[in-house]
Structure formats: structure tokens, C-alpha cells
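Reader: Hello! I am new to this structure and would like a friendly walk through it. Could you take my questions one by one?

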Amino acid sequence: MGQGPFAGVNVLDFTWGLAGPLSTKYLADYGATVIRVESLARPCGTRVSPPFKDRVPGVDRAGYFVFFNANKYSLSLNLNHPRAKEVLNRLVAWADMVAESYSPGTMERWGLDYESLRKVRPDIIMLRSSSQGQDGPHASFSAFGIPLVGLAGFSYFTGWPDGSCLPLPSAYSDLISPRFAAAALVAALDYRRRTGMGQYIDCSQLETSLHFLAPAMLDYTFNGRQTGRQGNSCAYACPHGVFRCQGEDRWCAVAVFSDEEWQAFCGLCQPGWSRDPRFSTLRERKKNEAELNKLIEEWTMNYSPEEVMSQMQARGVAAGIVQNARDLRHDPQLQERAYFWEMNHPVLGSFPHLGQASILSQTPASPVMPAPCLGQHTEHVCTQILGMSDDEFLGLYQAGVFD
Amino acid sequence: MTPDQPAESLLGGYRGLDLTDEKGLLCGRILAGLGAEVIKVERPGGDTARRIGPFYQDIPHPERSLFWFAHNLNRKGITLDIETKDGQELLRRLSSRVDFVLESFSPGYLEELGLGYSRLSEVNPRLVVTSITPFGLSGPYRDHKASDITLMAMGGYMYMTGDPDRPPLRISVEQAYLHAASEAAVATIIALYCRSTSGEGQHIDVSAQASLVSSTVNAIPFWEMNRVILGRAGPYRVGLSAAKQRQLWESSDGYVIFYFAGGAFGAKSNAALAGWLDEEGLADDFVIATDWGNFDMAAATEEVEGHLEKLVALLFRRHTSAELYEQAVKRGLTLCPVSSPAEVLKNPQLKARDYWVKVRHDELGQDFDYPGPFFRCSAPDQYRRAPLIGEHNREIYEGDLGLSDAQLVSLKQAGVI
């Protein structure tokens, strides 16, 4: 570390899973020194989830963890060891910020709650990221992101009108809350720069995620209405949906909003449609949407999604390939932005790490280190960063403090 | 919380102009929520985003768009036609008096008007300009037309959502630009922080497509390492365990999301579930014999998965979603009900934390409930309704730029504001 807006900022990172580590990723990618405190006995969830190298499980063989954790150090520590405090005290004294995502109460047990941290560092900035917040009747209930998307309402709004609601493919709320948590963390850093005061930040994934459903929530609080799942349709656009293309499970999304776009669309697929009374206006098209979609698909089935997208775009119509993981890896636009950082991981070899969606003109995020193996930097952190002597480190090591 | 901290906002003192449409509104909302003074700049007659529904009482009026209300709390609002020479001059003058400018026009549009980053930063070298676009300011897809559904497709999310034998699905509430705008908020604050040492602003290029890729979680690693493409699995999910796992379950009156979590974390939930099955007389020999505390469901075979699925489905169908959630909280199960907005409003955790805030709408004659704090910290919360069209023209043009009443009137008549 040492370069970028957060050069010299020290982050003690107790987060695990997805939401927490993604929050501190913004700090790591822009130059902060981020030390993950990990445990061999209870490794981070993404280290024990597939895919694994050669399909053999192992905490250092997990692509899921590596993909999301560039630019961070890893120190392994048995937080329940009687001598763990000797290491923790030095880590806390070193830290400008502490981030955690354990269930509420856990940090208290280890003497790492906000009040204890403030005794060491009065202007500490602390982020506590959790499913539902640090207080309240459900505070200690950690459902994690996968069921949480049901609780927030995303599943209610996903599905076909003639089918059931559906779960989401991922812990979707885990991807939303890190932006809010990071905004708070960086704003707190700036606030401290200006005022000398630290900050305590309580970030609930449920509370942040609901902002992505805000208009639907207001439809209920203002109008008493719940519109539910609409498939892929849109009240003010037609055609609007996803159409099957040539190939196995290949699709292209198309959205036509204006009369000009509709004319251009027909010019490409079937000029007769623009004169057909069933389809001549938006209202008529919505009335006959199912029929129109069938006709459109008879056209798109003859082309690859790439061809459909480029032909539509050439005529000013919004269209996008429904991309799978292979498509994303080869996406020329993402490559242009150097979105995936290829770095050499000790076990996985050369591996793509998630970059940043924003490019800052003067201080862009940069790939400095691959994701760490568990405990890879224990000795380095203790002796080079915390300034322990070799003897002291050895003593703690032999006592099993780092197991 | 600590009572001795001064009650100031984290971004108190920062000022910015927001020229975005629906592609970037949430960015300004977040910055305003952190205490920055954010001035929404709309074309005369109102921003196009005011045409997006739903509408209060279904009246499609620019001052009744709930979409607009949701994403424009806590801002000021002025009108300005930046396609006029006078408008461009006014914008340049305003830019010299703020810390950041947010925009979401097509790449190159502001440059053509003499309002691009290089021009604005000449006037104000400390200015941060954040540009939010579907794909970014350069690259092969730079000029592609986009909308929510095409971006949810291009970002990878849709491929994995829905039933295997039906088309990919988006979420029926637009999401793509919210991801972009929230990324933009973080990047803007990073640039403001950076400026405190560098003394200079910078130009930020935010891609909506790129901001969606993380929602595919471990799909890219699966392709990279095992040449496996994770696809749609309907009520199941793939990619977290050896066998596909059911996620969506029927209760007696709706649906819940529950999954057999793996590893040490899952062990607790799975053991609790086994205990509950036993209490209800549904535990068979396999359930009773298994040492759930040490059983890693992530490694379970399809046979085990299917076996448990049958028993759990029976259990869940006996109870309402509310009962299942109550038990989940009590026993520590990875289960939540599929909630509608009405049910979310009744959620006791959100109520206990005073999450819903009442916002006064004088023009509509009452208060309405809105989602509240993004997070909790020492800063005070306040919630002011979205601005009316041109509501703060006088305050900003006269107060900030020293224009007179007469000048304002003539600019209005000329259509500049």
C-alpha cells in the first residue's frame, strides 16, 4: 500500500462474508492498509464456498474469496486465546478505522466494542455492518443476504404474473449495502480530518436495501398499492423484454420507448409491423404484447444475441445481450475499463480480481496485491507493521495465538 | 452513541450541483443524506425523471411522481436550460461556487456545450465532476442506448434469475441505475477526501454496467476455474454447494426463503431445524442420527438434499409465514418471509429502530412514510420533501449569484430558467 487517496490510513478489518469485505474494499483499492483478522478455526464464508481449485476444497483454494478480496493483508488470530489480547491491543492502537460484520454482541465479548476501542483511540472510526442493525428485537438474528432479500421485498417483485414469486440468484442485499457503508466510512474520514472527531456507524443491510425499492414502498404509503411481479414488462415501453436468440440459452434484452425507436425497430425486423393496427401505437402494442413478443422472437431466433444487439444499436434501439459469466469475462467494454484485475495468487495462479466500477481521473483504484491466503501476512504484520521483535512473535506463535 | 460529539453532518459544508436524471438521482440523495447541500438543476418545466411513475393517486403530474419523491429528498431545486448561452454562463458561475457536479448526460454532451470537465475545472480547479453513464465515457459500448432491462442483462444479473425453462428475469422495480448512482456517491466522496491533500478536483467516470457485475457473486470464479456457467434455477440455487438447494418454500399462507447453510455457520441453523422437525414429529431416522453440529450441508449430496427437502416442506406448509419467521428468530434459522411492502411496513425490527420517517408534503396536505436512515451515526437526521420545480431559484440565483429580481424575471421569460 502507500499510494492513493487513503495512503497511510490503517484499517483493522474484522468483516467476513460479502457485504463487510466489499465495504472495506473501497479503502483497500484506493491505498489504505487493510488487515483482515481471520481465523483458521472459523474461516470466512467465501473461503469455504465453491468453486475450488481442481474442485478440492481449501481455504486458500476458493475463487469466490479471491475474486472479491484484492489488496488486503491477512493475519490469522485465535480471538478466544487468552493471549490474543496482546496482539489485539497493538492492532487497535495501530488502527484508524475498525470494521466488523459479526452478529451484534460478538465484538463486545472480545472487548472490541466501540467504547473499548475509544479508550485506546478516542477518534477511532468504527463500522458495524449487520443484517438488521445493532439493536432492536431481531438484532441478533443473522439470516444473511439470501433470505434477507425476501424480507426486504425483492422476491415479492420478482417473477412472472402467471407464476410464483422467486428467490434472487445471489445475496443481493450484500451488494447494495457496501456502497452505503463505504460512503459513511469515507465521509467519516473526512469529518475527522475537519473536526478531529471519530465516528460510530451502524449499517443494517435491510435498511440500506430498502432504498432500492423506495418508489415501490411509496406506492404503498401514498397509494396503498402493491403492484408485485411484472415479469419483464414495463408500463411505458413496448416491446420490452428478453427474446430468445440462436444458440443454447442465448437471449437479448430489447427496450423500445418512443415512436421513432419503434419505426427503427420495425425497419430492422419487419417493416409491416409499423403499419399493422395491432402495433401502431404504444397502447395497441401493450394490448397485443404477447402476440407481438411471439413474432419478435421468430425474428431474433435466427440471430446470435451479439448480432441482435449490434443491429438494434446501429438503429438507435436499446438492446443488450443477456450475458453469462463467460460473456462477462470476454466483454470488450469491461476489458476497456480494465475492470478485472489479473493478479498472481499463490495457490490459484493468475486470477481475475474484481476492480472498481468508477474510474477517478487523477487517483484511479489500482491492483497492488492479490487476495491473501489465510494468515499469509501474520508474521509480516506482527514484525514489520506492529513492530514486534522476532522473539516476541515466536513466543506468541508457539503459544498458539495465531492458530 | 456518544453524546459528546458535536451534532454535525458528515458532509456538512460541502455543496454540489446535480444535473442527473434517473441514471444518477440516488447519488445526490446519498450525498444530501450525509449533509451536503445538493442543488438539483432541472430544465425549465422539470426534469424528465418527473414523468416516471408511480404517481400519487395515479395523476401523472410532475409534482406527483413518487419515483421523484423517493430519490430527491433533502435537495434544493433550480431550473436552468443549459442549451442556451446564458444558461451555460450561469452554470459555469455556479460551478465555481460548489465542490462537486453530478451529471448523467450522454458522453460528450456537456463538452459540446462548453460545460465539460476541462472547461469547468479551469474555472474551479477544486471541482469534482462525477459522470454516470450506462457503459462509461469511452470504449466500444460508449454510445450504446440503454435502459434498466438492457443493463440488468449486460451486467450479468438477469442470466441467473428465473426458471430454467423460462426467459431470464429482471426485478420489477428498476435497479440498474441505483447501483451506478450509489457507486458514484462513494467515488465522489473519495475524490472530495483526496482533494484535502492534493488540492485538486478530478473527473469521475462511473459505468452502470460495471456496477452490476458484482451481483453475479461467484459466477465468474465458477467460469474461470471450473468452466461451469451458473444459470437459472427457479426456486433453487446453484453455486453455493455440491447439490442444488431449494430456496423458495411454501408456507400455509405464502412463501419463505430458507436455505441449508453450509459450514460452521450453517451447522447451528441446521441443528435447530432438525430439533424443530423432531418436535413436530417429522424427524425420521436420518434426521435423528445425523450429528448436525458437524455436518457440512455444502457438501451434501442431491439425495440428502432431496430427502431433507421433503421433510422441511411438510414442516413449513403447516405454518404461516409469520409463524415461521417467529420460529426462525427464536431458533436461529436462515429463514425470512417473502414480504410485500405492507408486510415490510409492519416489520417489528424496522419499527423498533424508528426506520420509517414522516415527511411533510404541504402541497398534498399531509405527511407520508418514507424509508429513513441509510445508516446510523452521530449526525442528526432530517428529512425534507423533494423540491418543487424551480423552488429555490430565488435563493440560489439571487443569494448565490447576486442576480436581481428583474434579471430573474427576464431569464424566466427567455426560457433560460
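Author: Gladly, and one definition will help at the start: helices (H or I, at least four residues) and strands (E, at least two) are DSSP runs, numbered from the N terminus. Please also keep in mind that this is a predicted model.

Reader: With that in hand, in which loop of chain A is A:Pro51 found?
Author: A:Pro51 follows A:Pro50, and the peptide bond from A:Pro50 to A:Pro51 is cis, with omega near 10°. To place A:Pro51, look for the strand and the helix on either side of its loop. That loop lies between β2 (33-38) and α2 (63-68) of chain A.

Reader: Which residue does a cis peptide bond join to A:Cys238?
Author: Look in the loop between α9 (214-223) and β7 (240-244) of chain A, where the partner is found. The omega of this bond is about 0°. The residue joined to A:Cys238 is A:Pro239.

Reader: How far apart in space are A:Arg285 and A:Cys238, C-alpha to C-alpha?
Author: A:Arg285 belongs to helix α11 (residues 282-287) of chain A, and 47 residues separate A:Arg285 from A:Cys238 in sequence. Leaving out residues up to four places away in sequence, A:Arg285 touches A:Cys238, A:Phe279 and A:Leu292. From C-alpha to C-alpha, A:Arg285 and A:Cys238 are 6.3 Å apart.

Reader: Is A:Arg285 buried or exposed?
Author: The test is a count of C-beta neighbours: a residue is buried if 20 or more other C-beta atoms lie within 10 Å of its own. A:Arg285 has 22 C-beta neighbours inside 10 Å, so A:Arg285 counts as buried.

Reader: And B:Arg227, is that residue buried or exposed?
Author: B:Arg227 sits in the loop between α9 (219-226) and β7 (236-237) of chain B. Its phi is near 50°, a positive value in a residue other than glycine. Because B:Arg227 has 10 C-beta neighbours inside 10 Å, it counts as exposed.

Reader: What is the phi of B:Asp354?
Author: B:Asp354 is in the loop between α15 (348-352) and β12 (356-361) of chain B. With 12 other C-beta atoms within 10 Å, B:Asp354 is exposed. Although B:Asp354 is not a glycine, its phi is positive, at about 55°.

Reader: Let us turn to strands. Which residue of β11(A) stands opposite A:Met343?
Author: Strand β10 (residues 340-345) and strand β11 (residues 349-354) of chain A run antiparallel, joined by six bridges. A hairpin of three residues leads from β10(A) to β11(A). Opposite A:Met343 in β11(A) stands A:Phe351.

Reader: What is the bridge partner of B:Ile39 in β3(B)?
Author: Strand β2 (residues 37-42) of chain B runs parallel to β3(B), and four bridges join them. Between them the chain passes through helix α2 (residues 66-71) of chain B, in a right-handed β-α-β crossover. Both faces of strand β3 (residues 76-79) are covered, with B:Lys76 and B:Ile78 buried on one side and B:Gly77 and B:Thr79 buried on the other. The partner of B:Ile39 is B:Lys76.

Reader: Which residue in β6(B) does A:Leu360 stand opposite?
Author: Here the pairing links two chains: strand β12 (residues 358-360) of chain A and strand β6 (residues 203-207) of chain B run antiparallel, with three bridges between them. The residue opposite A:Leu360 is B:Ile204.

Reader: Which helix gives the most to the side of chain B that touches chain A?
Author: The contact takes 133 residues from chain B and 125 residues from chain A. On the chain B side, 82 residues are nonpolar, 39 polar and twelve charged. With 14 residues, the one that gives the most to this side is helix α7 (residues 176-198) of chain B.

Reader: How many residues has the largest nonpolar core?
Author: In soluble globular proteins, nonpolar side chains tend to be buried together. Here, the residues with the most contacts inside the core are A:Ala183, A:Ala184, A:Leu185 and A:Cys252, while α7(B) gives the most residues, 15. A:Ala184 has contacts in both chains, including A:Leu127 and B:Phe375. The size of this largest core is 257 residues.

Reader: Finally, how far apart are the C-alpha centres of domain 1 and domain 2 of chain A?
Author: In chain A, domain 1 is 10-212 + 337-398 and domain 2 is 240-324. For chain B, the division is domain 1 (15-156 + 173-214 + 353-413) and domain 2 (235-250 + 255-337), with 45 Å between their C-alpha centres. In chain A, the centres lie 43 Å apart.

Technical notes: Residues are numbered from 1 along each chain as its sequence is written. Chains are lettered from A and ligands numbered from 1 in the order in which they are written. This is a predicted model: local features need pLDDT of at least 70, side-chain atom pairs count only at pLDDT 80 or more; totals for chains, interfaces and linings use all residues. Two residues are in contact if their C-beta atoms, placed from the backbone, lie within 7 Å. Ala, Val, Leu, Ile, Met, Phe, Trp, Tyr, Cys and Pro count as nonpolar, Asp, Glu, Lys and Arg as charged, and the others, Gly among them, as polar. Two strands pair if DSSP finds at least two bridges between them. A crossover is right-handed if, with the strands pointing away from the viewer, the path from the first strand over the helix to the second runs clockwise. Domain bounds come from an automatic or database domain assignment. A nonpolar core is a set of buried Ala, Val, Leu, Ile, Met, Phe, Trp, Tyr and Cys residues joined through C-beta atoms within 7 Å.
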